[in-house]
Amino acid sequence: MPLLTDELKAWIGRTITYPACEDLSRASIRYFALALGDYNPLYSDDGYARQAGYPSVIAPPTLVVETCQYAHRPANVDGYFGHEWHLPIEGCRQIRAGNDYEFFRPVLPTDRISAAWTLEAIDERASSRGGTQLFVQSVARFTADGNELLAINRETLVYQPLQPAGASV
């Protein structure tokens, strides 16, 4: 029985947009840098950042793709606030198989970041465990103030059946 159903194929091309309701803020940048253990003064010292050619402090590069400031909903059962597709896939485990990031400019505390996720492809491929598995490719575009592209995150998720093909329950 194939994992890639017509219902699932209908998800390809869907886009979900999350507009930010507030600026990123200096505090978010500082807390993120501290959580990373990155004490680069670009993230906390305006004078240092200006000497380096920036208008103010900047964010560590990955903050733009890790922030959930655009999520305006309760956390899921695992405490996660970020984007999820909620694909109609049952009896599979989800594995994060990789992310590819492109950054276009440093993120500033005054940026109001929005995210637009597009489900680009779903492919069914052979599994080394027997049977098949699904590869889901999405792209998220992060913009400041709705139009200036800050970053792109290309993400691959794999959905593997919990029981290998041919296994008895």
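Which segment does Leu 3 lie in? Leu 3 sits in the segment before helix H1, which covers 6-9. Let's take a walk through the rest of this predicted model.

## The lay of the land

The protein has four helices and five strands. Follow the sequence and you meet them in the order α-β-α-α-α-β-β-β-β. Along the principal axes, the C-alpha atoms fill a box of roughly 65 × 30 × 30 Å.

Of the 169 residues, 37% are buried. The accessible surface adds up to about 9,500 Å², and carbon and sulfur atoms hold 52% of that. Take the contacts with a separation of 6 or more: 68% of them involve residues 24 or more positions apart. As for charge, there are 14 positive and 20 negative ones, and the mean positions of the two groups are 1 Å apart.

## How sure is the prediction?

The average pLDDT is 90, and 93% of the residues score at least 70. Helix H3 (residues 46-51) has the highest confidence, at 98, while helix H4 (residues 63-66) has the lowest, with a mean of 88.

## Strands side by side

Start with strand E3 (residues 113-126), which pairs with E4 in the antiparallel sense over 13 bridges. Here Ala 126 stands opposite Thr 132 of E4. The two strands form a hairpin with five residues between them, and Gly 130 in the turn has a positive phi of about 100°.

Next, strand E4 (residues 132-144) runs antiparallel to E5, joined by 11 bridges. Two of the matched pairs can be picked out: Phe 142 stands opposite Ala 151, and Arg 141 has Ile 152 as its bridge partner. E4 and E5 form a hairpin too, with three residues between the strands, and Asp 145 takes a positive phi near 50° there.

E5 (residues 148-161) also pairs with strand E2 (residues 92-103), again in the antiparallel sense and over 11 bridges. In that pairing, Phe 103 has Ala 151 as its bridge partner. Ala 151 therefore appears in two pairings, with Phe 103 of E2 and with Phe 142 of E4.What about E4, enclosed or open? It is largely enclosed by the rest of the structure, because 11 of its 13 residues are buried.

## Leu 3, at the start of the chain

Back to Leu 3, in the segment before helix H1. Leaving aside its neighbours within four places in sequence, Leu 3 is in contact with Leu 8, Cys 92, Glu 124, Thr 132, Gln 133, Leu 134 and Pro 161. One of these, Thr 132, is the residue that stands opposite Ala 126 in the pairing of E3 and E4.

Gly 13 makes a handy landmark here. Leu 3 and Gly 13 are 10 residues apart in sequence, and their C-alpha atoms are 18 Å apart in space.

## Tyr 43, in a loop

Where does Tyr 43 lie? You'll find Tyr 43 in the loop between helix H2 (26-36) and H3. Is Tyr 43 buried or exposed? With a relative accessible area of 9%, Tyr 43 is buried, because buried means under 20%.

Not counting residues up to four places away in sequence, Tyr 43 touches Ile 29, Arg 30, Ala 33, Asp 38, Val 57, Ile 58, Ala 59, Pro 60 and Pro 61. For a sense of distance, try Gly 98: this residue is 55 residues from Tyr 43 along the chain, and 27 Å separates their C-alpha atoms.

## Ser 114, in a strand

Ser 114 belongs to strand E3. Its relative accessibility is 13%, so Ser 114 counts as buried.

Which residues is Ser 114 in contact with, leaving aside its neighbours within four places in sequence? They are Tyr 18, Pro 19, Ala 20, Arg 141, Phe 142 and Thr 143. Among them, Arg 141 is the bridge partner of Ile 152 in E5, and Phe 142 stands opposite Ala 151. Ser 114 and Glu 22 are 92 residues apart in sequence, with 9.9 Å between their C-alpha atoms.

Terms used. Residues numbered from 1 in each chain as written. Predicted model: local features only at pLDDT ≥ 70, side-chain atom pairs only at ≥ 80, totals over all residues. Heavy atoms only, no water. Buried < 20%, exposed > 50% of the residue type's maximum accessible area, 1.4 Å probe, protein only. Contact = heavy atoms within 4.5 Å. Areas by Shrake-Rupley, 256 points an atom, 1.4 Å probe, with all protein chains shown as cover. Lys, Arg positive; Asp, Glu negative; His and termini not counted. Charge placed at Lys NZ, Arg CZ, Asp CG, Glu CD. pLDDT = per-residue confidence, 0-100. Pairing = 2+ DSSP bridges.
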